[in-house]
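Please open the model in a viewer and keep the selection panel at hand. The tour below proceeds by selection, stating at each stop what is to be found there.

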Amino acid sequence: SRAGRHTGLTDLPLNGAGRAAVGGLPALLAAYDLVHVRCSPLQRATETARLAGLEPDALDADLVEWDYGAEEGRTTAQAQAEGRPGWTVFDGVPPGETPGETVEMVAARASRVLGRVWRHLDHGDVVLVGHGHHLRVLAAVYLRQTPYLADALELEAGSLSVLGHHRTTPTVHRWNLAP
């Protein structure tokens, strides 16, 4: 979000910076043989898909952003100012009325998404349109690493990242491509 707030399940429209960032995606995507497009149902993701020239084959609730629970709508700086210096969402959201998800819960959703797209990969390329924290975890899961690796993966809004294989080893082919 523009203000740096955790807006996991808050269904906000894509902001102007997001729209501008997506502008070059159609040209980048033209190089791929797209056979399946799967998208988060949140409007900022569906608008991203539309602006990228994509027509989703499926809206997938498992592609929504991390449920930040009590941290929803708050900034990292606010959490750190409350006695949690150095805190990130990967350290966990505090328990409460709205406990949110653990990194392991997000990883389980990412695994389900990956399980749904494997069959399409024999026929061409798959596009997943989602949200920053979740897609970082999805990349870590795809790479068969701990989901905490996602904390070290910076993902730019409106960028294209490409996961692939070298022989049978999952790899990152490209990360944060922008026009």
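Begin with the largest nonpolar core, which has 22 residues; select Trp66, Val89, Phe90, Val137, Leu138 and Val141, the members that touch the most others in it. Then display helix H5 (103-117) and helix H6 (132-142), each of which supplies at least two residues of this core. The model on display is a predicted one.

Centre next on Phe90. Setting aside residues up to four places away in sequence, Phe90 touches Trp66, Val103, His133, Arg136, Val137, Pro147, Tyr148, Ala150 and Asp151. Apart from the largest core lies another core, of 15 residues; Ala45, Leu54, Val127 and Val129 are among them and may be selected as markers.

Now turn to the strands. Select strand S1 (residues 34-39) together with strand S3 (residues 125-129): the two pair in the parallel sense, over five bridges. Which residue in S3 stands opposite Cys39? Select Val129, which is that residue.

Add strand S2 (residues 58-59) to the selection. S2 runs parallel to S1, and two bridges join these strands. To inspect this pairing at residue level, pick Arg38, whose bridge partner in S2 is Ala58. Then bring in helix H3 (residues 43-51), which with S1 and S2 makes a β-α-β unit. What is the handedness of this unit? The β-α-β unit is right-handed.

Proceed along the chain to Arg74, placed in the loop between S2 and helix H4 (76-81). Show the side chains of Arg74 and Glu82, which are joined by a polar contact of 2.8 Å. To view the wider surroundings of Arg74, select Gly4, Arg5, His6, Ala79, Glu82 and Arg84; Arg74 touches each of these residues, with those up to four places away in sequence not counted.

The last stop is His173, in strand S5 (residues 169-177). Is His173 buried or partly exposed? His173 is partly exposed because its relative accessible area of 40% falls between the limits of 20% and 50%. Select Val162, Leu163, Gly164 and His165 to see the residues that His173 touches, again leaving out those up to four places away in sequence. Finally, place a distance label between the C-alpha atoms of His173 and Ser161: these residues are 12 apart along the chain, and the atoms are separated by 7.7 Å.

Notes:
Residues numbered from 1 in each chain as written. Predicted model: local features only at pLDDT ≥ 70, side-chain atom pairs only at ≥ 80, totals over all residues. Heavy atoms only, no water. Helix = DSSP H or I, 4+ residues; strand = E, 2+ residues; numbered from the N terminus. Buried < 20%, exposed > 50% of the residue type's maximum accessible area, 1.4 Å probe, protein only. Contact = heavy atoms within 4.5 Å. Core = buried A, V, L, I, M, F, W, Y, C linked by side-chain atoms within 4.5 Å. Pairing = 2+ DSSP bridges. Right-handed = clockwise from strand over helix to strand, strands pointing away. Polar contact = N/O pair within 3.5 Å; in protein donor to acceptor, adjacent residues only side chain to side chain.
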